[in-house]
Amino acid sequence: MQVNSQKASDSPISTIILLTSKVVEGSLVPILRRHSDKISIKLAESLDDLRSIPPDRLAGARLLSFGSKCIVPPDILHSLGFLAYNFHPGPPTYPGWAPCHFAVYDGASRYGTTVHEMIEQVDAGPIIGLDKFPVPADASVQDLTFLALASMDRLFTSLAGTLVTSNQPLARLTISWASRRTTRKTFAACCAIPPDIESHELRRRLKAFGGGDGHCVPTLTRNGLRYVPAPENSDSADPTDIEIHGIRFVLAPSQTARRG
């Protein structure tokens with residue numbers, strides 16, 4: 001169900017709600033202010049912040065989500081007078097969770113970022129902006145994340161004037177999202193290292209998912225114990241360590257605490 005219909009209004013936008021972090025807000029606000037020094041700009045860092053905004057203010061607002069993992073519920077999307085737009089750190093071929101990680105896993109040669117209307121389903125709304133760029137050879141997740149942030153900045157700068165001054169919905173592009181939508185569950189499945197994994201696949205997974213997503217990291221289970229890759233530049237060894245294809249795994253911290 002699409003909760004954000006193509007709305008139109010004769011009233012001006014009174015508030016821009018920035019759903020982002022305090023750090024990122026500092027760079028986005030000056031870009032918006034170039035186009036309007038009168039519009040109110042409200043920072044929201046969490047769902048609780050969004051819930052605290054009065055309904056009458058939502059009715060005069062447009063929401064811009066930039067690098068936020070907060071999922072905006074349908075009732076708030078319905079209450080916004082001028083729609084909500086999300087700046088997604090991946091192209092339409094990578095909707096969903098941790099797109100940079102999956103692009104590195106796939107060895108993508110091109111990447112990009114997307115701006116789309118927010119609807120009830122995550123990363124599924126009509127696309128209104130796209131920026132593409134080539135991926136450097138052997139780029140890491142950190143490299144690609146940095147390039148994606150720069151790409152999102154370009155999109156934000158190019159659309160800021162329209163987002164602030166136009167009370168009409170932004171024009172939609174005739175571009176569709178890919179059918180595969182990654183989730184935390186997808187990421188966790190890639191982090192589950194089978195004992196018989198091939199050397200190439202192990203290195204591929206560690207390159208793409210080795211840094212984790214804040215919820216899980218690559219983990220190998222053997223004899224009921226969980227092992228994670230040894231920290232970089234760690235020379236110390238323990239009799240409990242195991243090695244697969246020249247890569248050392250150590251007991252996960254939770255296992256170490258339990259053993260102690």
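In this predicted model, helix α5 passes helix α8 in a right-handed crossing. The two helices pack at an angle of about 155°, with their axes 8 Å apart, and because angles over 145 degrees count as roughly antiparallel, α5 is described as roughly antiparallel to α8. On the α5 side the contact is formed by His101, Phe102, Val104, Tyr105 and Asp106, which meet Glu201, Arg204, Arg205, Lys207, Ala208 and Phe209 of α8. When the residues of this contact are sorted by class, 5 are nonpolar, 1 is polar and 5 are charged.

A second helix pair is made up of α1, which spans residues 22–33, and α6; their axes lie 9 Å apart and are inclined at an angle of about 55°, so that α1 and α6 are oblique to each other. The crossing of α1 past α6 is right-handed. Leu28, Ile31 and Leu32 are the residues that α1 brings to this contact, while α6 contributes Phe156, Thr157, Ala160 and Val164. By class, the contact of α1 with α6 comprises 6 nonpolar residues and 1 polar residue, with no charged residues.

Valine 29 also belongs to helix α1. When its neighbours within four places in sequence are set aside, valine 29 is in contact with Leu18 and Ile41. Aspartate 143 stands 114 residues from valine 29 along the chain, and the C-alpha atoms of these two residues are separated by 26 Å.

Two pockets were examined in the model. The largest pocket holds about 980 Å³ of space, and of the 40 residues that line it, Ser68, Lys69, Pro89, Gly96 and Trp97 are the closest to its centre. Two or more lining residues are given by each of the strands β3 (61–66) and β4 (84–88) and by each of the helices α5 (99–106) and α6 (141–165). Helix α6 gives the most to this lining, with 5 residues. Thus α6, which packs against α1, also takes part in lining the largest pocket, as does α5, the helix that packs with α8. The lining of the largest pocket divides into 17 nonpolar, 16 polar and 7 charged residues.

The second largest pocket encloses about 500 Å³ of space. It is lined by 21 residues, and those nearest its centre are Gly210, Pro229, Ala230, Pro231 and Glu232. The elements that supply two or more residues to this lining are the helices α8 (199–209) and α9 (253–259), together with the strands β9 (225–229) and β11 (247–251). Helix α8 is therefore found both in the packing with α5 and in the lining of the second largest pocket. In terms of residue class, the lining of the second largest pocket consists of 12 nonpolar, 5 polar and 4 charged residues.

Notes
Residues numbered from 1 in each chain as written. Predicted model: local features only at pLDDT ≥ 70, side-chain atom pairs only at ≥ 80, totals over all residues. Heavy atoms only, no water. 1 Å grid on protein atoms, 1.4 Å probe; cavity = no way out; pocket = protein on both sides within 12 Å on 5 of 7 lines; lining within 4 Å. Points joined across faces, edges and corners; volume = space filled by probe spheres on them. Helix = DSSP H or I, 4+ residues; strand = E, 2+ residues; numbered from the N terminus. Nonpolar A, V, L, I, M, F, W, Y, C, P; charged D, E, K, R; others polar. Axes fitted to C-alpha atoms, helices over the stretch in contact; angles between N-to-C directions. Parallel < 35°, antiparallel > 145°, perpendicular 65-115°, else oblique. Left-handed = near helix turned anticlockwise from the far one by under 90°. Contact = heavy atoms within 4.5 Å.
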